[in-house]
Amino acid sequence: MTASTPSTASTTSAPAQADAAATSTTGAASRGARVRLAGISHHYPLRHDVDHGWVPALMRLVSPAARARYEAESAKPDQLPVLDGIDLDIAPGEFVSLVGQSGCGKSTILRLLSGLETPSQGSVVVDGEAVTGTAPERALAFQDATLLPWRTVRENVALGPQARGRLEPRRVEAALQVVGLRDFADAYPTTLSGGMAQRAALARALVNRPRLFLLDEPFGKLDALTRLTLQDEIASLWASQGFTAVLVTHDVEEALRLSNRVIVLSERPAHVVEDIRVPEGLGRDEAAPEFQRLRRHILTLLGR
Ligand SMILES: Nc1ncnc2c1ncn2[C@@H]1O[C@H](COP(=O)(O)OP(=O)(O)OP(=O)(O)O)[C@@H](O)[C@H]1O
């Protein structure tokens with residue numbers, strides 16, 4: 001499935017813009033990456049996995065009770081299983097949301113897709129190539145904008161291309177334009193609202209023309225109104241830029257508004273409980289019985 005009409009909130013005129021953009025840039029959809037997660041399992045080492053060579057000597061000096069506590073702790077598994085057999089194919093231009101209990105491994109999946117983390121088992125393949133490290137065309141946006149406070153908005157957006165020696169000022173200006181921050185290009189991050197800072201972070205990702213955009217609760221810290229506005233803007237960007245999007249969110253309505261598919265994950269170690277296709281256009285009609293039915297269904301799967 002390729003990007004088609006986006007599902008967006010109905011609070012502003014952005015959905016109309018998104019529709020227009022989607023219609024006018026049908027070719028853009030092919031820019032999106034094809035993603036394949038095959039047999040992914042992942043664990044993190046636990047703290048007592050650390051090799052403290054001095055511990056046995058110390059244990060001879062401590063009380064039997066303290067020694068017993070240490071031995072009990074050491075006998076625990078030394079790995080935290082986080083993901084358990086995740087298989088997922090994402091078509092170019094799809095918008096996929098991952099929902100699941102806190103701590104189930106959603107962000108880990110994004111880190112694997114970005115190349116920040118390597119899976120303990122299985123493979124992450126983007127556009128036919130195994131992911132072995134980070135790449136600018138696989139952009140990651142977090143809950144915190146993480147802008148450098150000593151650089152202006154423009155300088156923050158330019159940072160990635162500059163660091164790679166590929167600075168194209170026109171692209172930086174275009175990225176600022178697309179997120180509506182041209183007038184604040186010379187402002188410093190401390191003078192921005194939360195929503196504006198998040199827009200700057202989106203521009204910083206978009207300047208790399210990502211084929212895969214990984215969004216880790218990017219609206220999590222924003223007030224409800226800004227959140228809805230930015231959701232519309234993401235939908236609009238997705239329609240016009242044609243990237244593949246993977247969004248981690250706790251907000252089931254947000255997932256239904258924005259996505260073609262909602263992947264419901266189990267508790268940790270996570271596996272896919274259900275892969276739900278969102279009918280085209282449904283996201284714009286929250287009052288629709290089908291929207292509400294899907295919302296309740298997902299909440300039930302999440303045990304809420
Ligand atoms: N670098 C790490 N080292 C050790 N454990 C980690 C590391 N990163 C995450 N974890 C653990 O892995 C589990 C999954 O973390 P992850 O951040 O992927 O979950 P999540 O579903 O995104 O959580 P949330 O919804 O609360 O943000 C958690 O128990 C977390 O404590």
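**Exercise 1. A helix and what follows it**

Which glycine follows α5, and what is the sign of its phi? Find the buried residues of α5 as well, and say what they pack against.

*Solution.* This is a predicted model, so every step below reads a prediction.

- Step 1. Walk off the end of α5 and you meet glycine 165, with a positive phi near 70°.
- Step 2. Go back into helix α5, residues 153–163, and pick out the buried positions: Val153, Arg154, Asn156, Val157 and Ala158.
- Step 3. Recall that an α-helix has 3.6 residues a turn, so residues three or four places apart point the same way.
- Step 4. Look at the partners: the buried residues of α5 pack against α6 (169–178) and α7 (194–206).

**Exercise 2. How far to trust the model**

Where in the protein is confidence lowest, and where is it highest?

*Solution.*

- Step 1. Start with the overall figures: the protein has a mean pLDDT of 86, and 88% of its residues reach 70 or more.
- Step 2. Now look for the extremes. Helix α1 (residues 14–24) is lowest, with a mean of 34, while β3 is highest, at 98.
- Step 3. Residues 1–29 have a pLDDT below 50, yet this stretch makes 75 contacts in the model beyond near neighbours in sequence.
- Step 4. Decide how to treat such contacts: where pLDDT is low, the predicted coordinates should not be read in detail.
- Step 5. For the complex, the predictor gives an ipTM of 0.98 and a pTM of 0.83.

**Exercise 3. The shell around the ligand**

List the residues that surround the ligand, and work out which element supplies the largest share of them.

*Solution.*

- Step 1. Collect the shell: Tyr44, Leu80, Val82, Gly100, Ser102, Gly103, Cys104, Gly105, Lys106, Ser107, Thr108 and Arg268.
- Step 2. Sort by class. The shell has 4 nonpolar, 6 polar and 2 charged residues.
- Step 3. Assign residues to elements: β2 (79–90) and α4 (106–114) each give at least two.
- Step 4. The largest share, 3 residues, belongs to α4.

**Exercise 4. Strands and their order**

What is the strand order of the open sheet of 6 strands? Then describe how β1 pairs with β2 and with β4.

*Solution.*

- Step 1. The order in the open sheet is β6-β7-β8-β3-β9-β10, and the pairing is mixed.
- Step 2. The edges are β6 (138–141) and β10 (272–277), each pairing on one side only.
- Step 3. From one strand to the next, the twist averages 15°.
- Step 4. Zoom in on one pair: β3 (residues 95–99) and β8 (residues 244–248) are parallel over 4 bridges, with valine 96 opposite valine 246.
- Step 5. Add the helix: α4 lies across β3, β6, β7 (212–216), β8 and β9 (261–265), at about 155° to β7.
- Step 6. Turn to β1 (residues 35–45). With β2 the pairing is antiparallel over 8 bridges, and isoleucine 40 stands opposite isoleucine 86.
- Step 7. With β4 (residues 121–126), β1 is again antiparallel, over 5 bridges, and alanine 38 faces serine 123.

**Exercise 5. One residue in β8**

Is threonine 244 buried or exposed?

*Solution.*

- Step 1. Locate the residue: threonine 244 lies in strand β8.
- Step 2. Count neighbours. There are 29 other C-beta atoms within 10 Å, and the cut-off for burial is 20 or more, so threonine 244 is buried.
- Step 3. List some contacts: among the residues that threonine 244 touches are Gly32, Val35, Ile90, Pro92 and Leu212.
- Step 4. Take isoleucine 90 as a long-range example. Its C-alpha is 8.1 Å from that of threonine 244, although 154 residues separate them in sequence.
- Step 5. Set this beside the whole protein, where residues 24 or more positions apart account for 78% of the contacts with a separation of 6 or more.

**Exercise 6. Unusual backbone geometry**

Examine the backbone at proline 269, aspartate 127 and arginine 209.

*Solution.*

- Step 1. Keep the background in mind: most residues other than glycine have a negative phi, and most peptide bonds are trans.
- Step 2. The bond from arginine 268 to proline 269 is cis, with omega near -5°; proline 269 sits in the loop between β9 and β10.
- Step 3. Arginine 268 also belongs to the ligand's surroundings.
- Step 4. Aspartate 127, in the loop between β4 and β5 (129–130), has a positive phi of about 50°.
- Step 5. Arginine 209, in the loop between α7 and β7, has a positive phi of about 45°.
- Step 6. Check exposure. Aspartate 127 has 16 C-beta neighbours inside 10 Å and counts as partly exposed; arginine 209 also has 16 and counts as partly exposed.

Key:
Residues are numbered from 1 along each chain as its sequence is written. This is a predicted model: local features need pLDDT of at least 70, side-chain atom pairs count only at pLDDT 80 or more; totals for chains, interfaces and linings use all residues. A residue is near a molecule or strand if its C-beta atom, placed from the backbone, lies within 6 Å of it. Ala, Val, Leu, Ile, Met, Phe, Trp, Tyr, Cys and Pro count as nonpolar, Asp, Glu, Lys and Arg as charged, and the others, Gly among them, as polar. Two strands pair if DSSP finds at least two bridges between them. Axes are lines fitted to C-alpha atoms, for helices over the stretch in contact, and angles run from 0 to 180 degrees between N-to-C directions. Two residues are in contact if their C-beta atoms, placed from the backbone, lie within 7 Å. pLDDT is the predictor's confidence in each residue, from 0 to 100. A residue is buried if 20 or more other C-beta atoms lie within 10 Å of its own, exposed if 12 or fewer, and partly exposed in between; C-beta atoms are placed from the backbone.
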